[in-house]
Amino acid sequence: MEQVIDYIFRPKSSGQISKAKNFLGGQDGGTWNQVRELAMLKLLEKVATQEPGKDVIFNGPAFKKALDHYGKETLHAMFGKDLTKDLRKEMYNQNLNIYLK
């Protein structure tokens with residue numbers, strides 16, 4: 001399944017994502033939900049780290065860079081507009097927390 005993610009979840013790949021979504025059962029299909037979860041993990045593994053016994057450390061600037069890297073159209077195709085909006089909102093909150101500390 002990771003190979004599928006690597007193939008379709010890339011910058012400027014909204015067309016490939018839409019084709020894969022249709023092939024795998026659409027927005028609410030079980031297989032498509034697995035693809036979305038793995039894509040989210042791929043996105044987050046670049047911006048969050050956790051050492052055993054410690055809290056997750058979230059890197060706000062790296063999160064912004066990752067979201068910008070994939071682009072709005074690709075994120076919309078993979079996660080939908082609402083979740084993409086929530087991801088952007090969280091990115092701004094994380095960056096704001098960094099500047100206020």
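The legends below accompany an overview and several close-up views of a predicted model.

**Figure 1. Overview of the predicted protein chain, with 6 helices and 2 strands**. Reading from the N terminus, the elements follow the order α-α-α-β-β-α-α-α. The protein chain has 101 residues, and 35% of them are buried. About 6,900 Å² of the protein chain is exposed, with carbon and sulfur atoms supplying 53% of that area. Among contacts with a separation of 6 or more, 61% join residues that are 24 or more positions apart. As for confidence, the mean pLDDT is 84, and 89% of the residues reach 70 or more. Among the elements, α5 has the highest mean pLDDT, 95, while α6 has the lowest, 74. A friendly reminder for browsing any such model: where pLDDT is low, the predicted coordinates should not be read in detail.

**Figure 2. Close-up of the largest nonpolar core, which holds 21 residues**. Start with Phe 9, Leu 43, Met 78 and Phe 79, the members that touch the most others in this core. Six helices feed into the core: α1, α2, α3, α4 (60-70), α5 (72-79) and α6 (81-100) each supply at least two residues. The biggest contribution is that of α3, with 5 residues.

**Figure 3. Close-up of Phe 9 and the residues it touches**. Leaving aside residues up to four places away in sequence, Phe 9 is in contact with Ile 17, Ala 39, Lys 42, Leu 43, Tyr 70, Thr 74, Leu 75, Met 78 and Phe 79. Several of these partners return in other views: Ile 17 is one of the buried residues of α2, while Ala 39, Lys 42 and Leu 43 are among the buried residues of α3. Leu 43, Met 78 and Phe 79 also appear in the core view, where they join Phe 9 as the members touching the most others.

**Figure 4. Close-up of helix α3, residues 30-44**. The helix has 15 residues and spans 21 Å from its first C-alpha to its last, close to the 21 Å expected at 1.5 Å a residue. Its buried residues are Trp 32, Val 35, Arg 36, Ala 39, Met 40, Lys 42 and Leu 43. They lie on the same side of α3 because they cover an arc of only 160° around the axis. An α-helix has 3.6 residues a turn, so residues three or four places apart point the same way. Turn to the face directed away from the buried side, and you will find the exposed residues Gly 30, Glu 37 and Leu 41.

**Figure 5. Close-up of Lys 42, a lysine in helix α3**. Is Lys 42 buried or exposed? Its relative accessibility is 15%, so Lys 42 counts as buried, the cut-off being under 20%. Apart from residues up to four places away in sequence, Lys 42 touches Ile 5, Asp 6, Phe 9 and Tyr 70. Of these partners, Asp 6 lies in helix α1 and is partly exposed, with a relative accessible area of 43%. Asp 6 and Lys 42 are 36 residues apart in sequence, and their C-alpha atoms are 8.8 Å apart in space.

**Figure 6. Close-up of helix α2 and its buried residues, Ile 17, Ala 20 and Lys 21**. These residues share the same side of α2 because the arc they cover around the axis is only 100°. Which helices do the buried residues of α2 pack against? Their partners are α1, α3 and α5. The other side of α2 carries Lys 19, Asn 22 and Phe 23, which are exposed. After α2 comes Gly 25, which has a positive phi near 110°.

**Figure 7. Close-up of Lys 12 in the loop between α1 (2-8) and α2 (14-23)**. Take a look at the backbone here: Lys 12 has a positive phi of about 55°, although it is not a glycine. With 82% relative accessibility, Lys 12 counts as exposed.

**Figure 8. Close-up of Lys 64 in helix α4, shown with Arg 88**. The relative accessibility of Lys 64 is 34%, so this residue counts as partly exposed. Lys 64 and Arg 88 are 24 residues apart in sequence, with 7.8 Å from C-alpha to C-alpha in space.

Definitions and conventions: Residues are numbered from 1 along each chain as its sequence is written. This is a predicted model: local features need pLDDT of at least 70, side-chain atom pairs count only at pLDDT 80 or more; totals for chains, interfaces and linings use all residues. Side-chain values use heavy atoms; hydrogens and water are left out. Helices (H or I, at least four residues) and strands (E, at least two) are DSSP runs, numbered from the N terminus. Buried means under 20% relative accessible area, exposed over 50%, partly exposed in between (1.4 Å probe, protein chains only). The expected span of a helix is 1.5 Å times one less than its number of residues. The arc is that of the directions from the helix axis to the C-beta atoms. A nonpolar core is a set of buried Ala, Val, Leu, Ile, Met, Phe, Trp, Tyr and Cys residues joined through side-chain atoms within 4.5 Å. Contact means heavy atoms within 4.5 Å. Accessible areas come from the Shrake-Rupley method with a 1.4 Å probe; for residues, only the protein chains shown count as cover. pLDDT is the predictor's confidence in each residue, from 0 to 100.
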